[in-house]
Every structure is written in structure tokens, then in C-alpha cells.
Amino acid sequence: MYDFLTGPMLWATFLVSFGGLIVRAIMYVKGLSWQLDRVAYRPHMSYGMRGAVRSILAFIIPFKARLWRTRPGFTIIFFAFHIGLLVTPIFLEAHNVMLQKAFGVSLPTLPTGVADGLAWVCLVGGLFMVLRRIAFPEVRIITTAYDYLLLVITVLPFITGLIARYEMGDYNFWLTAHILTGEIWLLSLPFTKLSHAILFFMSRMQLGMDYGIKRGGMKGSDMAW
Amino acid sequence: MPEGKFCNKTPITTEEQLKATLGDKGGKQYYEEMNHLDVDSEKLWGAIQKTMKSRTKTWLEICAHCGLCAESCFLYQVNGRVPEQVPSYKIQSTLGQMVKKKGKVDNEFMQMCMETAWSKCTCCNRCGMYCPHGIDMGVMFSYLRGLLYSQGFVPWELKIGAGMHRVYRAQMDVTMEDWVETCEWMAEETEEEWPGLEIPVDKEDADIMYTCNAREPKHYPEDIAEAAILFHVAGENWTVPSEGWEQTSLSMFAGDWECCKDNVVNVYSAIERLRPKRAIGTECGHAHRATVIEGPYWAGREDGQPPAPYIHYVEWLAEALRTGKLKIDPAKRIKEPVTLQDSCNYVRNQGLKDVTREIISYIVEPGYFVEMAPNKEHNYCCGGGGGFNGIGLYREQRNVALRKKKQQILDTGCKLVIAPCHNCWDAIRDLEEEYEIGIRWSFLKPLVIGMLDVPEHLLPKDE
Ligand code: SF4
Ligand code: SF4
Ligand code: SF4
């Protein structure tokens, strides 16, 4: 089981997951329509790209966009959650040992204490996301069961990973559960709303181009996101 | 599928239809008929499949339901922060459901959508600036309005508005003859005080072709006279077209895209016919959005640009003041606290924030200009945008919407508001009528005329 999950299954998962995300990005661009979107993408590409980069940067740098400044508490938790989500699995020592075995290469790894901390941040961040969905009427009204399901899919690899890491209960069981939930998460990326992993960039880029071309950029006036 | 006499899926295209619909006072019969109007689900779904591309599809799909957009919407703020006013909720419960159900929706649903699209969103595009995913409800609500219009679910005034544009190519029943006559009449009247002043109609190869908002010839023709005075003093070589002079587009707010195209093409043909170096539009935000920002796309112009450079009035005015074509007498500058309304349609939607402030620097004594908070591209809609001002059915909701601007103005402590947009001007007038906070409001033209330093040779000769 372990060999299958970390062998062929893992490679299939990576293929589907990352391949799928790339396909979604390509489909997004193909589905743009200058006339319906009312953005002259092609003739003003340089203005567009400038707006796109500004738009993306404003929202991936904490406290850069005005939105982030208006809600410091949320912003900190939101970025901590996402950074933990991305950084932990990529730079985790155990994952890199596997990489080393398979390819003979590995990335720099996080000290165990930091990795543990980041994993906990993700869990607490996830919990906070659930709580605010329940607590705030403006979030409750738009929340669906699907939103909770995605949160669960996202934090399960961390829960199982931590349990295995602290060797609570049957290590092999929890390790298998960790790998399985991790793969489920990866497989969900292209097929669910988690596709925002790539589509966030596409959407931000598109709106950035819109502002960079038609809505001010060509007037030499940058949007103060 | 029962379609009413007034409320139906067919746009108004003749004067008789228009007059008949207008005769149905307040749309009484119209709204009654709407209760029996059928939804053509097949056509609706067909339209969605054909026109809903990456952008809208992705927006509907990836909205994180995080609610961060809530506070960005002034309608959420002024309506007691009820969750039903959260931008994401407003679109998910309307367009989102329509898509999910593949167009199989009923009359009641469509009426709910109509109410949401026209009374809970002014297409001000503010929320798009605050959503981490860049989801712009203003864009999506415009899209939804198009779908609703094609099914006959549109407020009575906007059905008529679009009809006006179809029949007269103007938002009011101003014909080409009315327009040319108004120009001649205004030129005659103004010439007494401004010797040599002209309003040249259809002059070819001029430097400037001026276009306006049909409310001007219809209700405040002095605005045309004021434009003429300023062009005259600035020594501009200008003209107005006899046909293609009207740049507003109620059809844009109604969601009648076919009509939008027809109107803007009419304005562009005037440019092509008269070959001005550039076109200048009046002080109107939505007119600018229609002819300059969105228009090129309706007309199918791939570069997204009108056939000649086409600028908003504030751009011309700033330039005329900057280059000294117009000179301000420093003694006559505004010497009282004054604030500025940033119109969504050319500030947030075309970045003209600094140019308007440049004008302020010439006409207001330093120290007297007070910014609204927030301002520039973060400013709130005046409260009456997107057609809201004109819809009787939603008058109450509109009045509530005005409270945001009321508070913003009160917070500045100013009694004078500069509003270089027709619609904002109207909304601020209405808010004074409704709430009596003791303010005055003005377009730029009359203010500037009042403080001009006019060269000797342009003044009337004393006999
Ligand atoms: S476009 Fe403006 S009015 Fe409409 S939902 Fe967004 S912020 Fe509110
Ligand atoms: S801020 Fe954007 S992603 Fe979040 S609920 Fe609003 S529209 Fe959706
Ligand atoms: S700001 Fe205007 S939409 Fe709001 S009404 Fe005034 S130009 Fe629009």
C-alpha cells in the first residue's frame, strides 16, 4: 500500500494535479474575449502586462492592497494560513528525503521546529476560517457545505501529518492516511474551487489588464489597489 | 408565452410604442403585465452559453465566499449591513443561480433578479477593487442586466430609456432639428454678451468636436452656452455635429447592447465625417464611459479606442488652464471650503483622478479644498449611478443609497460640492432635496466662467 501510494499513485497525482492546473490556466486564456470582456488585450499588451503585474503584486504582498490594510487581523491569519499551506509541504524534510530518493535532488529543508510551527499555523488558520464563516453574518450567508468540505480537504493532510509526526497511535496508519489525504488534496486542485491556486493569478491578471488598458492605465494613472 | 402590451421581450423601436409606453403612468400596467411574463429558458440558456466566457465563469466558480467584499459596497453600508447586500451574495443568488439552473428559472426569480440588479447595485465597480480574486460585481451585474433585458424584465423607465435611444438616438426626445435649433438659439443669446461667439455645427476638420448629454439641450441649454463661452475664450476651433452629438447611453444601464452599439457608432460616424483632431465630451461620467471606455468594444473596434482621441471635459479644462488658454483671476477663486465628487465612471473607471485635482488647484484658493474620505478611485458612488436615479419603482432604495454621499459631504464640512458629472449632480441635488443639509453643488463650467480673466478684445465694446 505504502509503496503504491508513494510510487505510481504519487506520480499519477502529480501529473493530474499540476497538469490539470496548467490546462485550466490555458483554458482561461483561451476563453477570454476582448469584445465581450471589453479589454483590448492584444493591441495594448505592454500596458496590460504592467497592470497585471501591479494587480497581482498588490494582493500577494501582505498589507500592500488597501483591502489588506483595512483588515489587519484577517490579513495576518490569511497570509499565515496560505504561507503555511505552500511552504510546509515543499520544504518539509521528510518530503525532501523522498525527493532525494526518487530524483537525487532535494530542496533546502525547514528545521523541524519551524515546520511544526507552520503546520500548526495552518490548522489554527483553518479553524479560524471555519469560525468566521459561522460567526459573521456577511460570511455565513454566502457559505455553503462545499466551502466547509474544501477546508476539510485542505487541512486533513496537516492533521494526519501532525499525528504521524508526534507518533500518536499507529504510526503506519497515520502515515498512510497522511499520504492519502495529501493526494486527495492535490487531486482536488484542478477540479474544485481550489483551482484558485492558479485561477487567482489569472483573474487578478485579467482585472489588472482591464485597469491597465482601459480603465486608467493608458491615461498614465495607476490604480491604487 | 404571454407577452404584455408594454412589458415584453421586444425593444421599443417606434415613436408610437414609445409614446404609448410613456402614457402608462409610472409603469402601472407595465409592472402588472410583468407578473405574467414567461421566461424563455431556452433562449436564456443559449445566451449564457454564447456570452459567458472565462472571466465571468471563473469569477462565479472561484469566489471564495470570504465576504471581504461586503464592506466595500456602499449599499451594504447604508442598508444596515444586512447580509443580503453582500456583493457576492447578490450575484450568487441571481446570476449564479441562473447559471446553475441552466436558465430554467421562473417569473418570480426573474423579478427578484431585476430588483437586485437595478436596486442593489449601481455598477460602480468599487467591490472589484477590494476582492482578493479581483471579482468585479459591477461588470457581472451589467452582464446580468443584459440577460434580464432580453427577457423583458427591466424597470419601466429603462425600457423607455433604451427606447428613446433607439428612436431618437438620445436619452430624451431631442431630435436632430431640436438640437441644431438649440445650438443656434444659444449662440444668438450668448453672442450679446460675448461678441463673436459661435456654435459652429458640422464644421469639418476642426480641432475639437464637442458632444454632450441630451439633458443639456432638453433641460439646461445654458450648459451648451457655457461650453461655447469657454471654447470661445480659449480660442478653440471647435464644432458640434448635427447628428451623433449625444454621448449618453441609458441603453448601457438597461442592458440593451444592440442599441448601445447603434448609438456609439452614430457618434463615431460623426467623427469620421467631420474629421476633428479630437472629440471632447461634456461633464458626464456615464456618457464618457459609454462613448470612450466601453463604446469602442460595442462598435467592434479592436484597439479599444474611438476613431479619434476622445477626452472627458475635465481633461480639456485642465489642459486649457495649464497652457494658459483660460486664465483665472486669482481674486475670484473659490474662497470657501469646497469638496469634489469623484465620479465612478471616469475616475475609478478611467483614472482621471489627478487631472480633476489639477483643475481644483487653479480655481480654489489654496487651503480651501477638502477631500472626501475615501476619495479618488476609492470614492463611493454618488448613490444614484447605474440608472438608479431614474427608476421610480426604487425611489426609496435610492434615497437610502444617497445617505453615504450625504455623510461623506457632511464630514468634509463643505457647503459647496463640485460635481463634474450629470448623474452625480442630479444625485446631490436630490440628496439636498431629501435631506436638506444646506449644500450647493455645481458643474465646473459655470464656476470657471465666473472667475475667468477675460482678454480685453473678447469683452463687449462699450458704446
Ligand atoms: S458594483 Fe458597487 S454597488 Fe455594485 S455590488 Fe459592487 S460596490 Fe456594490
Ligand atoms: S471578496 Fe471576492 S472572493 Fe470574497 S466573497 Fe467577495 S467576491 Fe467572493
Ligand atoms: S459617480 Fe457617476 S455612477 Fe456614481 S453616479 Fe456619479 S458617474 Fe456614476
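Begin by selecting chain A of this predicted model, where you will find 12 helices and 0 strands. If you follow chain A from the N terminus, its elements run α-α-α-α-α-α-α-α-α-α-α-α, and its C-alpha atoms fill a box of roughly 65 × 40 × 35 Å when this is taken along the principal axes.

Staying with chain A, select Val53(A), Leu57(A), Ile60(A), Ile61(A) and Phe201(A) and show their surface, since together they make a nonpolar patch of about 370 Å². Helix H4 of chain A, residues 45–60, gives the largest share of this patch, with 3 residues, while Ile61(A) has its place in the loop that runs between H4 and helix H5 (66–70).

Next, select ligand 2, which lies between chains A and B. Which residues come nearest to ligand 2? Of the 14 residues around it, these are Cys63(B), Cys66(B), Gly67(B), Cys69(B) and Cys131(B). If you colour the shell around ligand 2 by class, you will see 10 nonpolar and 4 polar residues, with no charged residues.

Now hide chain A, keep chain B, and move to ligand 1, which has 13 residues around it. Cys73(B), Cys121(B), Cys124(B), Asn125(B) and Cys127(B) come nearest to ligand 1, and the elements of chain B that each give two or more residues to its shell are helix H5 (74–78), helix H6 (87–100) and H8. By class, the shell around ligand 1 holds 8 nonpolar and 3 polar residues, together with 2 charged residues.

From there, select Cys123(B), which is found in the loop between helix H7 (107–119) and helix H8 (137–150) of chain B. Look at its backbone: Cys123(B) has a positive phi of about 55°, although it is not a glycine. Most residues other than glycine have a negative phi.

The next stop is ligand 3, which sits in the largest cavity. Select the residues around ligand 3, namely Gln341(B), Ser343(B), Cys344(B), Asn345(B), Cys381(B), Cys382(B), Gly385(B), Cys421(B), Asn423(B) and Cys424(B). Which helices of chain B each supply at least two residues of this shell? They are helix H17 (344–348) and helix H20 (422–435). By class, the shell around ligand 3 is made up of 5 nonpolar and 5 polar residues, and there are no charged residues in it.

To finish, select Ala373(B) and Pro374(B) and show the backbone between them, where a cis peptide bond joins the two residues with an omega of about -10°. Most peptide bonds are trans. Pro374(B) is found in the loop of chain B between helix H18 (353–363) and helix H19 (395–412).

Notes: Residues are numbered from 1 along each chain as its sequence is written. Chains are lettered from A and ligands numbered from 1 in the order in which they are written. This is a predicted model: local features need pLDDT of at least 70, side-chain atom pairs count only at pLDDT 80 or more; totals for chains, interfaces and linings use all residues. Side-chain values use heavy atoms; hydrogens and water are left out. A residue is near a molecule or strand if one of its heavy atoms lies within 4 Å of it. On a 1 Å grid over the protein atoms alone, a cavity is a set of points where a 1.4 Å probe fits but cannot get out, and a pocket is an open set with protein on both sides within 12 Å along at least five of seven lines; lining residues have an atom within 4 Å of a point. A molecule sits in a cavity or pocket if more than half of its atoms lie within 2 Å of its grid points. Helices (H or I, at least four residues) and strands (E, at least two) are DSSP runs, numbered from the N terminus. Ala, Val, Leu, Ile, Met, Phe, Trp, Tyr, Cys and Pro count as nonpolar, Asp, Glu, Lys and Arg as charged, and the others, Gly among them, as polar. Patches are made of residues with over 30% relative accessible area and no salt bridge: like charges are joined within 9 Å, nonpolar side chains (Val, Leu, Ile, Met, Phe, Trp, Tyr) within 5 Å. Accessible areas come from the Shrake-Rupley method with a 1.4 Å probe; for residues, only the protein chains shown count as cover. A salt bridge is a side-chain nitrogen of Lys or Arg within 4 Å of a carboxyl oxygen of Asp or Glu.
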